[in-house]
Amino acid sequence: MAIVLYVAITATLFFFLYSFHRRQCCKSPLLIDWPIIGMLPQLLWNLSSFHDFITEKLKQQGGTGDFKGPWLTKMNFMLTSDPINVHHIMSKSFHNYVKGPEFREIFQAFGEGIFTADSETWKYNRSLFHSLFKQSNFDMFLEKTIHKKVRSNLLPILDDAAHKQGSVLDLQDIFNRFTFDNICSIVLGYDPGCLSIHFPEVEYEKAFNDAEESIFYRHVVPKSVWKLQQWLQIGEEKKMTKACKIFDQFLYTCIRTKREELSKKSKNERIIEDDQVDFLTTLIREEREEKVHDDMFLRDAAFNLFVAGRDTITSALTWFFWLVATNPAVETKILEEIKQNFGAKDVLGSEEVKRLVYLHGALCESLRLFPPIPFERKQAIGGDILPSGHHIKPNTMILFSLYSMGRFEEIWGKDCLEFKPERWISDRGGIVYAPSYKFISFNAGPRICLGKELSFIQMKMVAASILCNYRLQLMEGHLVTPSLSIVLLMKHGLKVRITKR
């Protein structure tokens, strides 16, 4: 009996001491910190409106607050949407904030690619990709790839839908297929033909989507839970294991095939104009004995480029067309700009779309309101004090809510919730510059996106081609809401009816 009483007293003392410790550590709580279960229940209860819920809570805390998970789970982090904090972490104190081992564990599917790597591994990846982007023949290859896909696949499918009166298309699915074919061609030199009139179900394209959705759940459940699911192969972890296996098999097959193709060619053979200059071909061709990239390196590089150049473009285009469809005045101005510059033309080239200032502003405005990557994660190496006054302990996890940053009056003004392309256009008719730590859709600091300009070119080419040729009518009663994924897609797609102009 005495032992039971002793254990009860000890447990009670621990309970109160630990509760006191958490209250002392949590100076700006985002949610109610319940004993034992922490703030997790309220987060899970509002999971269906996750981004808007977090935005409201951050506004109540002045832009920065603490989240505490269940006791002893280490599921604790600081959330911020304060651009001054973002600038401090991403630029001024860049070397003190890394992705870290826990990030790489959650994003296991990314391997050791540019998005998960730190220090020298990250520097090497970035330098390598930068050199590939800057190759003179790459811009031409990119434009030809996009131009061909728009003219040969995208426009015929939309034409077919327009001729079938009453036919409903899921525009997000169209963009998913379009960007998957494009990124396969650009990275692997292979077009899988996802975007065709028959809408085939491509197993590895679906697997890529499944893997990203499963990664999101690793952020909102304790590590012990998803680790147990991984060990037992149940739930989301079973889905992710299967998805990664399918997609890895696809990537390794492409790598093996590409090596075999290139080994048959003379090492001294010059790259002619019509030859492939996709990333995989270029990486293998440029290998030297002192730096040979093994298949795993190529796999990780390819996977990360898929994330950078596929879902981000899909997300941006989907939300852009929804915003344009719900703001007809903006659509009219975009069409007027295109007509004044180029008249009637099916597909514009990369140099031509650079002249479309209002379209550029509309895309920036869409990215501000619906950033493709809605949150960013960093881990502190050493202790620090943020410009907001919040104290950071070593190993503290920090989440930036990019979605919330686009909805703060303090950052964008009282009209921050309006879709207003004019905010990006100067009195002289040029693009207004916004610092990357304020407009963070393409990241900020040394990790700023290398493919920013290429992304705008692709989005403009697609947007101009569709808007010039078709009218889009949103399907009445269709629910538009963000999906729960690491990429901000629409949960139920974007259902529209198409008519020819």
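**Cavities, core and sheet**

The structure holds 4 cavities of 30 Å³ or more. Keep in mind that this is a predicted model. I will take two of the cavities, then the core, then a sheet.

Start with the largest cavity, which has a volume of about 980 Å³. Its lining is made of 47 residues, and the closest to its centre are Phe115, Val307, Ala308, Thr312 and Cys449. Which elements give two or more residues to that lining? They are five helices and a strand if you read down the names: α6 (119-133), α7 (136-163), α8 (171-188), α13 (295-325) and α19 (452-469), with β5 (375-380) as the strand. The largest share comes from α13, with 8 residues. As for chemistry, the lining has 31 nonpolar, 11 polar and 5 charged residues.

Next is the second largest cavity, at about 180 Å³. Here 16 residues form the lining, and Phe50, Ile54, Phe77, Leu79 and Leu399 are the closest to the centre. Two or more residues each come from α3 (50-60), β2 (77-80), α9 (203-220) and β8 (397-401). By class, there are 13 nonpolar and 3 polar residues in this lining, and no charged residues.

Now the packing. The largest nonpolar core has 153 residues. Which residues have the most contacts inside it? The answer is Leu188, Phe247, Phe306, Phe320, Phe321 and Ile334. The element that gives the most to this core is α13, with 16 residues. So much for the overall list; let me pick out one residue from it. Setting aside neighbours within four places in sequence, Phe247 is in contact with Phe180, Tyr204, Ala207, Phe208, Phe303 and Phe306. Phe306, one of those partners, is also on the list of residues with the most contacts inside the core.

Last, the sheet. There is an open sheet of 5 strands, in the order β1-β2-β8-β5-β3, and the pairing is mixed. At the edges are β1 (64-67) and β3 (97-98), each of which pairs on one side only. Inside the sheet, how many bridges join β5 to β8? There are 5, and the two strands run antiparallel. Across from Ile398 in β8 stands Lys378.

The strands also take us back to the cavities. β5 gives two or more residues to the lining of the largest cavity, while β2 and β8 do so for the second largest cavity. And α13 comes up twice: it gives the largest share of the lining of the largest cavity, and it gives the most to the largest nonpolar core.

Conventions: Residues numbered from 1 in each chain as written. Predicted model: local features only at pLDDT ≥ 70, side-chain atom pairs only at ≥ 80, totals over all residues. Heavy atoms only, no water. 1 Å grid on protein atoms, 1.4 Å probe; cavity = no way out; pocket = protein on both sides within 12 Å on 5 of 7 lines; lining within 4 Å. Points joined across faces, edges and corners; volume = space filled by probe spheres on them. Helix = DSSP H or I, 4+ residues; strand = E, 2+ residues; numbered from the N terminus. Nonpolar A, V, L, I, M, F, W, Y, C, P; charged D, E, K, R; others polar. Core = buried A, V, L, I, M, F, W, Y, C linked by side-chain atoms within 4.5 Å. Buried < 20%, exposed > 50% of the residue type's maximum accessible area, 1.4 Å probe, protein only. Contact = heavy atoms within 4.5 Å. Pairing = 2+ DSSP bridges.
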